[in-house]
Structure formats: structure tokens, C-alpha cells
Amino acid sequence: MAKKVERYFSAYSKICVQGGEGMNEQVEAVQRMQDYIEKHIREKIDMAALAGEAGYSPWHARRLFVQYVGISPAHYIRKLRLRYSALRLRDEKPRIIDTAMDSGFESVDGFQRAFFNEYGCNPMEYENHTVPIPLFTPYGVKFRFLKRRTEKMASNHVFLQVVEKPARKAVIKRGMAATEYWSYCQEVGCDVWGILTSMKSLCGEPVCLWLPKEYVMPGTSTYVQGVEVEENYAGPVPEGFDVISLPAAKYLMFQGEPFAEEDFEQAISDIWEAEKKYDPAVIGYEWDHRNPKIQLEPIGKRGYIELLPIQPV
């Protein structure tokens, strides 16, 4: 298992930037600015406030933000506000004027122009039809740039729960040969997640799937990203995506304890170790290899989650 985990994260090690204390301090400063923006996204945010969080002058704080995030703070704030406005339109169906004002825009016209320029459709069209759009994904720089923690941490508890999924469809984006997240991102890119997030999901979020062989097309990957939708879904499908039908199935959900972002390797390793050791026969089941294994987005505050298909013995 240790070798498997090491291989799983080898691609990540190659794309991580690892620096000394000076760089770590800069990354921490940018992360504090990102955290401040997230917390105050519905409020007016100026560069002075961000600089105060970073502990640098406004000029230097802005320069560091652009260096590590790739866009200016103002651009980042606008993208994040448009993301949240789109998710609200998707789930709550509010009035456009309320969404515009709550998102920090001074006018409905300004909000509509920004929304169209970002996503290629107007807010009303998205609200009424939930067309797939490339939502901005605000990756934290601390996760991407700080040296990952490699020392062995104390193993955490793993919680198990049997869950049932109805017959459904999944809108998926296939890779070429990927068997896990990092190789998939190298093949397909990391922007797929934003498109999937913009679509209404049965489980409330996109999923990553390890497909059984009967669902794998020649020359494509076993590992894919997708969104689970209703069995009778007939809505839009993004270009380059496929739709597969999945039967009703039971799953054994493995959920770890909350973890610090730099401990994500240990969090995943704990789940993999638990899956390897657990025998579902003790609760009257066996592993079901006809259905896909499911991985949810690793979010530290809820713990790492995977769902393995099971069937009665």
C-alpha cells in the first residue's frame, strides 16, 4: 500500500513548487488573502484590507497575489462572486436583481454583462435551463505550493455507512489512460470540475469515478470525472462529454476524520488502508464489481470520502 500511495502522488510531487522559508511565508500571506476574500465575498473588499491580512504593503501584496494565483485580486474577486451567483441561480432561482446586488454588483446591467463575458450566456438563461458553464474553481495556494507534509501522522478513525443510490445517469468526461486524479488532470486539465459543478447534481456535487470495464470505451481511461443526474435527464451535455446509465446500487461509504490540507496524503492513505482490510461479509455484503467506485472531492473540513459498491451475499 505504501508503494501505491507513493506512485499515486508522484505526479503531484513533480508539479508542486517546493521552496524555503521565504517562499512559505509568501504563500501563507497569499492564502490569508484568499481566505479573507472567501469570508467577506458579499462585502466590499479593498486592497488595503487584503494587504493588512497579508502583512505586506498594498503594492507588494498585490504583486504576490498575481505571482502565486495568476490573476489580480480584483479579477479573482469578480470570478469568485460570479461563481457564487451562478450557484445561487442554479439552486435557489432568485430574482436576477437580488443576485446582482448580493454579489456586489452596482447594477443589473453590469452583472449581466459580467456574467455573459465570463460564461457565454446570460443569468436568466442559466437560471432557467442550467446550461453547463465553466465555473471558476478557487484553488488555495497553500495546497498547491507549500511543501507537502511527508512524515507519518497518527492514523485517524474511518467511519462506515451503507448508502443507496437510485438508477441514474452520469455525465462524464473521459481521459485517455488515467487511473487517478493527477494523471487525469494532466490528460484532461483541471477545468472540467468547474463545468461539472455548474450542473445540478443528484448528490449535490460532482464525483470522480473508477469505471468497471463495461463502461470503458476503447482508448479511454478507467478514471473519469462526472456529475450524477436523474435517470430521465435530457438536458444539455457539454461538448466532449459522454452520458452513461447507472443502475440502482448500494455503496459502502468510507469517510475519514477532518484533516489539514497539507495532510491530504495521509487522509487518503487511511481510507485506502481501511478499504483494503475491510470485509463486507461481516454485514452480509460482498464487493460489487459491476458498478463504479466513487471518489468525492477531498475537503479537509469533512474528511476524505470514497464509496465502494456492494451487493448482498
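**Close-up views of a predicted model**

**View 1. S72 in the loop between helix 5 and helix 6.** With a relative accessibility of 16%, S72 falls under the 20% cut-off, so S72 counts as buried. The model shown here and in every view below is predicted. S72 sits in the loop that runs between helix 5 and helix 6. Which residues does S72 contact, once neighbours within four places in sequence are set aside? They are R62, F65 and V66. For R62, the C-alpha atom lies 6.8 Å from that of S72, with the two positions 10 residues apart in sequence.

**View 2. Helix 4 against helix 5.** Helix 4 covers residues 47-54 and helix 5 covers residues 58-69. Their axes come within 9 Å and cross at roughly 80°. Angles of 65 to 115 degrees count as roughly perpendicular, so helix 4 and helix 5 are roughly perpendicular to each other. On the helix 4 side, M47, A51 and A54 make the contact. On the helix 5 side, P58, A61 and R62 do so. By class, this contact holds 5 nonpolar residues, 1 charged residue and no polar ones.

**View 3. The largest nonpolar core.** This core has 23 residues. Which of them touch the most other members? They are V30, M33, I37, F65, Y68, V69 and Y76. Helix 3 (21-39), helix 4, helix 5 and helix 6 are the elements that each give two or more residues to the core. Helix 3 gives the most, with 7 residues. Another core lies apart from this one. That other core has 17 residues, including V163, I172, L211 and I244. In soluble globular proteins, nonpolar side chains tend to be buried together.

**View 4. Helix 6 from end to end.** Helix 6 takes in residues 73-92. How far apart are its end C-alpha atoms? They are 28 Å apart, and 20 residues at 1.5 Å a residue should span 28 Å, so the two values agree. Is helix 6 largely enclosed or largely open? Of its 20 residues, 14 are buried, so helix 6 is largely enclosed by the rest of the structure. K93 follows helix 6 and has a positive phi, near 55°.

**View 5. R88 in helix 6.** R88 is part of helix 6. Its relative accessibility is 18%, so R88 counts as buried. Leaving out residues up to four places away in sequence, R88 touches K93, P94, D98, T99 and D102. K93 in this list is the residue with the positive phi that follows helix 6.

**View 6. Helix 6 against helix 8.** Helix 8 spans residues 108-119. The axes of helix 6 and helix 8 come within 11 Å and cross at roughly 95°. That angle makes helix 6 roughly perpendicular to helix 8. From helix 6, the contact uses R78, K79, L82, R83, S85, A86 and L89. These meet F111, A114, F115, E118 and Y119 of helix 8. The residues of this contact divide into 7 nonpolar, 4 charged and 1 polar. An α-helix has 3.6 residues a turn, so residues three or four places apart point the same way.

**View 7. T130 in the loop between helix 9 and helix 10.** This loop joins helix 9 (123-129) to helix 10 (141-145), and T130 lies in it. T130 has a relative accessibility of 15%, so it counts as buried. Beyond its neighbours within four places in sequence, T130 is in contact with R90, K93, E125, S198, M199, K200 and P236.

**View 8. S198 in the loop between helix 12 and strand 3.** S198 is found between helix 12 (192-197) and strand 3 (207-210). Is S198 buried or exposed? At 0% relative accessibility, S198 counts as buried. Setting aside neighbours within four places in sequence, S198 is in contact with R90, Y126, T130, V131, P132, I133 and L135. R90 is 108 residues away along the chain, yet its C-alpha atom is 7.6 Å from that of S198. R90 also contacts T130.

**View 9. The whole protein, for context.** The protein has 13 helices and 9 strands. Of its 313 residues, 48% are buried. What share of the contacts between residues at least 6 apart in sequence join residues at least 24 apart? That share is 74%. The contact of S198 with R90 spans 108 residues of chain.

Methods. Residues are numbered from 1 along each chain as its sequence is written. This is a predicted model: local features need pLDDT of at least 70, side-chain atom pairs count only at pLDDT 80 or more; totals for chains, interfaces and linings use all residues. Side-chain values use heavy atoms; hydrogens and water are left out. Axes are lines fitted to C-alpha atoms, for helices over the stretch in contact, and angles run from 0 to 180 degrees between N-to-C directions. Helices (H or I, at least four residues) and strands (E, at least two) are DSSP runs, numbered from the N terminus. Angles under 35 degrees count as roughly parallel, over 145 as roughly antiparallel, 65 to 115 as roughly perpendicular and the rest as oblique. Contact means heavy atoms within 4.5 Å. Ala, Val, Leu, Ile, Met, Phe, Trp, Tyr, Cys and Pro count as nonpolar, Asp, Glu, Lys and Arg as charged, and the others, Gly among them, as polar. The expected span of a helix is 1.5 Å times one less than its number of residues. Buried means under 20% relative accessible area, exposed over 50%, partly exposed in between (1.4 Å probe, protein chains only). A nonpolar core is a set of buried Ala, Val, Leu, Ile, Met, Phe, Trp, Tyr and Cys residues joined through side-chain atoms within 4.5 Å.
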